[in-house]
Amino acid sequence: MNLSIVLSTQPAEFQAATFKGDLEANLAQIASLGYDGVELAIRDPKLFDPDQLDSLVSKYHLRVPAIGTGQAWGEEGLSFTDPDPVIRRAAIERIKSHIPTASRLGAVIIIGLIRGIVKPGIDSTQAMEWLIEALRECSNEAGSHGIRLALEPINRYETTLINNAAQGLELIDRVGADNFGLLLDTFHMNIEESIIEDSIGRCGKNIFHFHVADSNRWYPSAGHLDFTSILNRLFLDGYQGWVSGEFIPMPDPQTAARRSIAYLRQLEK
Ligand code: LER
Ligand code: MN
């Protein structure tokens, strides 16, 4: 099992980015704990030097399976479904601007909260049309560089657009691009799915990336999810992707990251 953990490349409000702060110190720490890779949360690729990032990641023998983009919503309010066309265009251009970094690192681009929410006064059919248009444009551009996009169903307390796996699958049909799939996250699934394993089975080959956190969004084994059963179901149909830790840094980042990898590695035995 290829294991990664989320690291924010800049200060962020988002709670479940386990590591934040000094990039090199964090990469060194993550590598020393035995992780194979690091999932980078990047608000804006213009804010850092791609050569420096590439050389740091290589220095610590880490791979980058995915790039998280949600901070452009969290910190700047960019979204595919904002009523203002200027904001929608900026969100599309921001996602496209991740393509060179993704292509250099071989990473999937995550579409999380940058999809937005259905804003008050906006019809949900209209929001869905904006979303589909944006996803088609971004998938098309990413596809021409061999890059995949993964949309994450996110629980109802964070967005009103695409909360569960069934809605994610319907969206995949409507977008109609081979390089557009899903990121499933056990924290959101615990809230929204009836039976997590069945939803994983229905998503099958459309799962491009996978986030793990326990029921309380602490590290796996700190809550009541059955990761033996969940991960068995994930790998049953030949999932080739990564299992990426995205949990609250409690009791502290190092302890959470260490306990998570120790627990997940022993499940492999
Ligand atoms: C991001 O991967 C995520 O899971 C969301 O909760 C972001 O708010
Ligand atoms: Mn997630």
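Colleague: What makes β5 and β6 a pair of strands?

Modeller: Strands count as paired if DSSP finds at least two bridges between them, and β5 (149-151) and β6 (residues 180-185) are joined in the parallel sense over 3 bridges, so the criterion is met. Within this pairing, Ala150 stands opposite Gly181 in β6. The strands themselves are DSSP runs of E at least two residues long, just as helices are runs of H or I of at least four, and both are numbered from the N terminus. This is a predicted model, in which local features need pLDDT of at least 70 and side-chain atom pairs count only at pLDDT 80 or more, whereas totals for chains, interfaces and linings use all residues. Residues are numbered from 1 along each chain as written, chains are lettered from A and ligands numbered from 1 in the order written, and side-chain values use heavy atoms, with hydrogens and water left out.

Colleague: Which strands does β7 pair with?

Modeller: β7 (207-212) is joined to β6 by 4 bridges, running parallel, with Ile207 as the bridge partner of Leu182. β7 is also joined to β8 (243-245) by 3 bridges, again parallel, where Phe210 has Val243 as its partner in β8.

Colleague: How do you know whether β6 and β7 are enclosed or open?

Modeller: A residue is buried under 20% relative accessible area, exposed over 50% and partly exposed in between, using a 1.4 Å probe and protein chains only. In β6, 6 of the 6 residues are buried, so β6 is largely enclosed by the rest of the structure. For β7 the count is likewise 6 of the 6, so β7 too is largely enclosed.

Colleague: Why is Gly74 called what it is on that scale, and why Gln167?

Modeller: Gly74, in helix α3 (residues 71-74), has a relative accessible area of 53%, which is over 50% and therefore exposed. Gln167, in helix α7, has 31%, which lies between the two cut-offs and is therefore partly exposed.

Colleague: Why is the arrangement around the manganese ion (ligand 2) called octahedral?

Modeller: Donors are N, O and S atoms within 2.8 Å of the metal (3.2 Å for Na, K and Ca), and water is not among the atoms, so sites may look incomplete. Here Glu152 (OE), Asp185 (OD), His211 (ND1) and Glu246 (OE) coordinate the ion at 2.1 to 2.3 Å. Six donors are octahedral if opposite ones are over 155 degrees apart and all others between 65 and 115. The 6 donor atoms subtend angles of 71 to 177°, which makes the arrangement octahedral. For orientation, ideal angles for six octahedral donors are 90 or 180 degrees.

Colleague: What makes Glu152 and Glu246 a pair that ties parts together?

Modeller: The donor residues are spaced E-x32-D-x25-H-x34-E. Glu152 lies in the loop between β5 and α7 (165-175) and Glu246 in the loop between β8 and α11 (253-267), so the pair ties together parts 94 residues apart in sequence. Both Glu152 and Glu246 are buried.

Colleague: What makes a space a cavity, and how many does the search find?

Modeller: On a 1 Å grid over the protein atoms alone, a cavity is a set of points where a 1.4 Å probe fits but cannot get out, while a pocket is an open set with protein on both sides within 12 Å along at least five of seven lines, and lining residues have an atom within 4 Å of a point. Points are joined across faces, edges and corners, and a volume is the space filled by probe spheres set on them. The search of the whole structure finds 2 cavities of 30 Å³ or more. The largest cavity holds about 40 Å³, and its lining includes Pro153, Asp185 and His188. The second largest has about 30 Å³, with Val212 and Val243 among its lining residues.

Colleague: What is the makeup by class of the lining of the second largest cavity?

Modeller: Ala, Val, Leu, Ile, Met, Phe, Trp, Tyr, Cys and Pro count as nonpolar, Asp, Glu, Lys and Arg as charged, and the others, Gly among them, as polar. On that basis the lining divides into 6 nonpolar, 4 polar and no charged residues.

Note on methods: Four donors count as tetrahedral if all angles lie between 85 and 135 degrees; four count as square planar and six as octahedral if opposite donors are over 155 degrees apart and all others between 65 and 115; anything else is irregular.
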